[in-house]
Amino acid sequence: MIRTKSKRLEKMMAGRKLTIDKNSWLMKIKLVFPLAIGILLFIIFSCSKPKSDKAYLDSLATHLTANRVLLPNGWSLSPAGTSLPLGDFPMNLVTSSTGKFMAVTNNGQSTQSIILIDPTSKKILDEIEIKKSWYGLAFNKAETKLYASGGNDNMILIYDIKDSRLVKIDSIVLGL
């Protein structure tokens with residue numbers, strides 16, 4: 001069936017000559033060439049970076065290399081921003097409603113604690129040791145109290161924030 005179709009096509013085309021109009025091809029090239037050049041120039045100029053960006057990237061690479069931390073598995077971490085020393089397992093971090101304070105719970109195998117941080121100055125304001133803790137952590141709306149989970153003791157610890165210090169004032173027992 002394919003042979004018969006191709007034979008029919010050959011018979012139909014046998015008497016015809018294929019002509020190419022040179023002017024139409026020339027017109028197409030005249031239209032496409034400037035467009036191709038324009039796209040190429042756009043790509044070249046949009047990919048090139050100003051010298052100030054290169055200097056910034058070089059300083060960032062130097063900073064990341066200097067602060068690289070090697071992990072036990074052979075991988076490395078390069079923190080891009082500033083960091084603060086926290087405990088061995090910071091499990092939760094919350095920010096107060098206006099951003100005046102941040103609090104972090106450290107729930108690792110060593111000392112469990114709550115750290116109060118000033119995010120503006122990036123300084124640790126206070127650290128208080130707690131017997132047990134877990135994920136729960138919240139500021140009140142007035143930013144005068146911090147509520148923290150008491151771990152599997154089934155209680156909520158209440159801390160007053162006075163002069164940027166944590167003072168335990170009470171606790172709420174959840175079950176008997």
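Hi everyone, let's begin with the outside: the accessible surface of this protein comes to about 13,900 Å², and 63% of that belongs to carbon and sulfur atoms. Those areas come from the Shrake-Rupley method with a 1.4 Å probe, and for residues only the protein chains shown count as cover.

A word on what we are looking at. This is a predicted model, where local features need pLDDT of at least 70 and side-chain atom pairs count only at pLDDT 80 or more, while totals for chains, interfaces and linings use all residues. Residues are numbered from 1 along each chain as its sequence is written, and side-chain values use heavy atoms, with hydrogens and water left out.

How confident is the predictor? pLDDT is its confidence in each residue, from 0 to 100. The protein averages 81, and 77% of the residues score at least 70. Among the elements, helix H1 (residues 2-14) has the lowest mean pLDDT, 60, and S7 has the highest, 95.

Now the layout. The protein has three helices and 10 strands; these are DSSP runs numbered from the N terminus, with at least four residues of H or I for a helix and at least two of E for a strand. Along the sequence, the pattern reads α-α-α-β-β-β-β-β-β-β-β-β-β. Buried residues, meaning those under 20% relative accessible area (exposed is over 50%, partly exposed in between, with a 1.4 Å probe and protein chains only), make up 20% of the 176 residues.

Let me take you to S4. Five of the five residues of S4 are buried, so this strand is largely enclosed by the rest of the structure. In a regular strand the side chains alternate between the two faces of the sheet. In S4, Met 102, Val 104 and Asn 106 point one way, Ala 103 and Thr 105 point the other way, and all are buried.

Who are the partners of S4? Strands count as paired if DSSP finds at least two bridges between them. S3 and S4 run antiparallel and are joined by five bridges, with Val 104 as the bridge partner of Leu 93. The hairpin of S3 and S4 has six residues between the strands, and there Gly 99 takes a positive phi near 85°. S4 also pairs with strand S5 (residues 113-118), again antiparallel and over five bridges; Met 102 stands opposite Ile 117 in S5. S4 and S5 form a hairpin too, with six residues between them.

Next, the other sheet I'd like to show you. Four strands form an open sheet in the order S7-S8-S9-S10, with antiparallel pairing. S7 and strand S10 (165-173) are the edge strands, each pairing on one side only. Inside this sheet, strand S8 (residues 145-149) and strand S9 (residues 155-162) pair over five bridges, and Ala 148 stands opposite Leu 157 in S9.

Finally, how many aromatic pairs does a search of the whole structure find? One. Rings of Phe, Tyr and Trp (its six-membered ring) pair if their centres lie within 6.5 Å; planes under 30 degrees apart count as stacked, over 60 as edge-to-face and the rest as tilted. The rings of Phe 101 and Phe 139 have centres 6.3 Å apart and planes at 20°, so this pair is stacked. Phe 101 lies in the loop between S3 (90-95) and S4 (102-106) and Phe 139 in S7 (residues 137-139), so the pair ties together parts that are 38 residues apart in sequence. Both rings belong to buried residues: Phe 101 has a relative accessible area of 4%, and Phe 139 has 14%. Thanks, everyone!

Key:
pLDDT = per-residue confidence, 0-100.
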